[in-house]
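This report describes a predicted model, moving from one hairpin to the sheet around it, and then to a metal site and a pocket. Please keep the structure in view while reading.

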Amino acid sequence: MLVSYSLAINESLNKIVANQFSQLARKSRNNVSSTKVKKEAIENPPLEIFKLGSETLRTEAKRISKVDNKLRDLARDMLKSMYSAKGIGLAGPQVGISKELLVIDINFEDSAAEPLILINPEITAFGSTLTTYEEGCLSIPGIYLNVVRPSTIKLKFRDEMGRPRKMNADGLLARCIQHEVDHLRGVLFVDRVTSTDELKKELTKEGYKMKDVIPLQT
Ligand code: NI
């Protein structure tokens, strides 16, 4: 707006304005998250989402030491792939990248709501109240089963600019973060399902193998 107005008034300002504009553009690239992604399914999502039985899902993710444009590009690709698969969360290991990077968007129907990009997320406290909720996973499509988890958490992480952040979460967000953080440890929600009979029945129905589940020791 400012740019076109100035150009109309005085042609000689062209260069200055153009410079200012490029500076602004560069600044916004550095400051504003470069992760603006349309919340829609695209025909060829950039990343493949690996399914139950893939080694990558069981590989522990590594901490990220450098938050740069390359990482932000990766987060953006993860968001595109997540929206295309109609998911609300996606972890690095699910797309074959063993890094502590998560993207989450529980407001996927609200185009104005910013997605969460969590780098090196660490749950620092769990609330004492437990809730049961039906979970699903983009790596295990077709399976929806009840999982018991703490209903509130405290979390620390780095944002997409590398800044250290803290947050509290409850409800669906707390649920989703815990599910995604599990992925970074090579843990899947089916490992937490306590109803073995139901798990077996559902997995078999969808063509998955029970041997790909690693029940957590409780
Ligand atoms: Ni998942």
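## The hairpin of strands 6 and 7

Five residues lie between the strands in the hairpin of strand 6 and strand 7, and in this hairpin glycine 162 adopts a positive phi near 85 degrees. The two strands of the hairpin, strand 6 and strand 7, are paired in the antiparallel sense over seven bridges, and phenylalanine 157 is found opposite arginine 165 in strand 7.

Strand 6 (residues 152–158) also pairs with strand 3 (residues 116–126), again in the antiparallel sense, over five bridges. Along this second pairing, isoleucine 123 faces leucine 155 of strand 6 as its opposite residue.

## The sheet as a whole

Taken together, five strands make up an open sheet whose order is 1-2-3-6-7, with antiparallel pairing. Strand 1 (89–91) and strand 7 (164–170) occupy the edges, and because each has a single partner strand, one side of each remains without a neighbour in the sheet. From one strand to the next, the twist averages 40 degrees.

## Helices on the sheet

Helix 3 (residues 69–84) packs on the sheet, where it touches strand 1, strand 2 (101–104) and strand 3, and the direction of helix 3 makes about 45 degrees with that of strand 2. Helix 4 (residues 171–184), for its part, lies across strand 1, strand 2, strand 3, strand 6 and strand 7, and it runs at about 120 degrees to strand 7.

## The nickel site

Which residues coordinate the nickel ion? The ion is bound through the SG atom of Cys137 and the NE2 atoms of His179 and His183, at 2.1 to 2.2 Å. Along the chain, the spacing of these donors is C-x41-H-x3-H. Both histidine 179 and histidine 183 belong to helix 4, where they are four residues apart, about one turn of the helix.

## The largest pocket

The largest pocket has a computed volume of about 480 Å³. Its lining consists of 25 residues, and those nearest its centre are Ile88, Glu135, Gly136, Cys137 and Tyr144; Cys137 is also one of the residues that coordinate the nickel ion.

Helix 4 provides the largest share of the lining of this pocket, namely six residues, while strand 4 (130–135) and helix 4 each contribute at least two residues to it. By residue class, the lining of the largest pocket comprises 13 nonpolar, seven polar and five charged residues.

Note on methods: Residues numbered from 1 in each chain as written. Predicted model: local features only at pLDDT ≥ 70, side-chain atom pairs only at ≥ 80, totals over all residues. Heavy atoms only, no water. Pairing = 2+ DSSP bridges. Axes fitted to C-alpha atoms, helices over the stretch in contact; angles between N-to-C directions. Contact = heavy atoms within 4.5 Å. 1 Å grid on protein atoms, 1.4 Å probe; cavity = no way out; pocket = protein on both sides within 12 Å on 5 of 7 lines; lining within 4 Å. Points joined across faces, edges and corners; volume = space filled by probe spheres on them. Nonpolar A, V, L, I, M, F, W, Y, C, P; charged D, E, K, R; others polar. Donors = N, O, S within 2.8 Å, 3.2 Å for Na, K, Ca; no water.
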